Amino acid sequence: LVERMRPFGTTIFTEMSALATRTGSINLGQGFPDTDGPPEMLAAAARALQTGANQYPPLPGIPALREAIAGHEQRFWGLERDPGGEVVVTAGATEAIAAAILSLCEPGDEVVTFEPYYDSYAASITLAGAVRRPVTLRPGPGGRYGFDEGELRAAFGPRTRLVLLNSPHNPTGKVFTRAELDLIAALCQEHDTYAVTDEVYEHLVFTDAAEPHVPLASLPGMRERTLRISSAGKTFSCTGWKVGWATGPARLVSAVTRVKQFLTFVNAGPLQPAVAVALGLGDDYFTGFRDELQARRDHLAAGLTEAGFAVQPSDGTYFVTADITPLGGTDGIEFCRRLPERCGVVAVPTQVFYDHQAAGRHLIRFAFCKRESVIDEAAQRLSKLG
Ligand code: PMP
Ligand code: GLN
């Protein structure tokens, strides 16, 4: 293994899912739903499989899917995209993130991001020979996460190539506020950098969130310098399909596509028409999905509070973060490794998503994208912890 990849062991998701299987625990670690997505989408995939959509699709994705992605961005976020050159389909958001960084960063370039960060960010930045400059998110009054403006300003410098922003944010459940986005946008323009936004949880912002989700690309001056990334995995409960996309100005999408063609070339043919169908579902699908997840969040958060955790607010995503300090825990990694034997539940230590690990040592993340009965059972088991 090349030296620069040696610090990257097995991902925490693989480790914790294996632990769940080995111990027969309820897996609230890795974020994946335990029910299938919309039946219209599943039926469309089955039809496509049986009617000859089984060879290489076009490099940027089938036209129907690119049109559906453009239509979806227009409908929900008011962003106009030309399906002919401003949309590319990828192997999940993960490939889009990797291809964006690999196509935009020279070795030694710097990427400003926020920690805790989704684990593929550090690896993709390292693969490109670039350098990450993480700004630490910290709980503010009321428990919602924020960051220090001075710290963000200081992270920008002459080698900054892009800002990699995840909102709604995994693992904190933070939705970046308009004021925060305005500051990020101003710094991108001041330093003439690109922005890459990971918006895979765009439809999971709860009705009691402090602020709505706003794509950075929709702010003045940002469309021309922003690549917006999303995925069908979360919105349509099909994380195993790995159908994602990047949208943006043609020159950025063309850069991503140049790299993407040598990573995977194209992606699963029969799933593309099915995701096109899903993106076209009525608004009630999207709000119903959000309401369902919000109820699960409330259910799990109540169980965690009952069990003695200090639960942090979650405005969006699949996740809620809990402080283990009231239960006598100090190290989330050790706590999560022992949780299955203590009560038959698996969670993920948040600490592994930080460079400055001390900031997240006492935090663990639970996924609530699970059936009501599973959350109920997990809450029962966790209540035995105290
Ligand atoms: N970004 C974030 C913030 C995520 O939580 C995830 C995955 N769960 C991804 C990217 C990867 O998405 P995909 O499975 O579509 O590659
Ligand atoms: N995105 C999911 C999570 O954060 C899982 C990702 C993965 O398994 N690589 O849990």
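**Exercise 1.** In which loop does Asp-192 lie?

*Solution.* Start from the helices and strands, which are DSSP runs (H or I over at least four residues for helices, E over at least two for strands) numbered from the N terminus. Asp-192 falls in the loop between α7 and β8 (194-198). Then look at the backbone: although Asp-192 is not a glycine, its phi is positive, at about 50°.

Before going on, note that this is a predicted model, in which local features need pLDDT of at least 70 and side-chain atom pairs count only at pLDDT 80 or more, while totals for chains, interfaces and linings use all residues. Residues are numbered from 1 along each chain as its sequence is written, and chains are lettered from A and ligands numbered from 1 in the order in which they are written.

**Exercise 2.** Find the cis peptide bonds at Pro-116 and Pro-168, and place each proline in its loop.

*Solution.* First, the bond joining Glu-115 and Pro-116 is cis, with omega about 0°, and Pro-116 sits in the loop between β3 (110-115) and α5 (119-127). Next, the bond from Ser-167 to Pro-168 is cis, with omega near -15°, and Pro-168 belongs to the loop between β7 (160-166) and α7 (178-190).

**Exercise 3.** Describe the sheet of seven strands, and explain what sets its edge strands apart.

*Solution.* Take two strands as paired if DSSP finds at least two bridges between them. The seven strands then form an open sheet with mixed pairing, in the order β2-β10-β9-β8-β7-β3-β4. At the edges stand β2 (87-91) and β4 (131-136), each with a single partner strand, so one side of each has no neighbour in the sheet. With axes as lines fitted to C-alpha atoms (for helices over the stretch in contact) and angles running from 0 to 180 degrees between N-to-C directions, the next step is the twist: neighbouring strands of this sheet are turned by 25° against each other on average, direction ignored. Finally, inspect one pair: β9 (residues 226-231) and β10 (residues 243-247) run antiparallel and are joined by four bridges, and Arg-228 stands opposite Thr-247 in β10.

**Exercise 4.** Work out how helices α11 and α13 pack, and how α11 relates to the sheet of four strands.

*Solution.* Helix α11 (residues 283-307) and helix α13 (residues 372-382) pack at about 10°, with axes 9 Å apart. Angles under 35 degrees count as roughly parallel, and the two helices are therefore roughly parallel to each other. To see the contact, count residues whose C-beta atoms, placed from the backbone, lie within 7 Å: among them are Leu-300 and Leu-304 in α11, which help to meet a set in α13 including Ile-375 and Leu-382. The residues of this contact divide into seven nonpolar, two polar and three charged, where Ala, Val, Leu, Ile, Met, Phe, Trp, Tyr, Cys and Pro count as nonpolar, Asp, Glu, Lys and Arg as charged, and the others, Gly among them, as polar.

Turn now to the sheet, which is open, with antiparallel pairing and the order β11-β12-β15-β14. Its edge strands, β11 (310-311) and β14 (348-349), each pair on one side only. Two bridges join β14 to β15 (residues 363-367), and the bridge partner of Val-348 in β15 is Arg-365. Helix α11 lies across β11, β12 (319-323) and β15, running at about 10° to β12.

**Exercise 5.** Compile the surroundings of the two ligands.

*Solution.* A residue is near a molecule if its C-beta atom, placed from the backbone, lies within 6 Å of it. Of the 14 residues around ligand 1, Gly-92, Ala-93, Thr-94, Asn-170 and Ser-231 come nearest. Helix α4 (residues 92-104) gives the largest share of this shell, three residues, and by class the shell has three nonpolar, nine polar and two charged residues. Around ligand 2 are Thr-11, Phe-13, Gln-30, Gly-31 and Asn-170, that is, one nonpolar, four polar and no charged residues.

Terms used:
Parallel < 35°, antiparallel > 145°, perpendicular 65-115°, else oblique. Contact = placed C-beta atoms within 7 Å.
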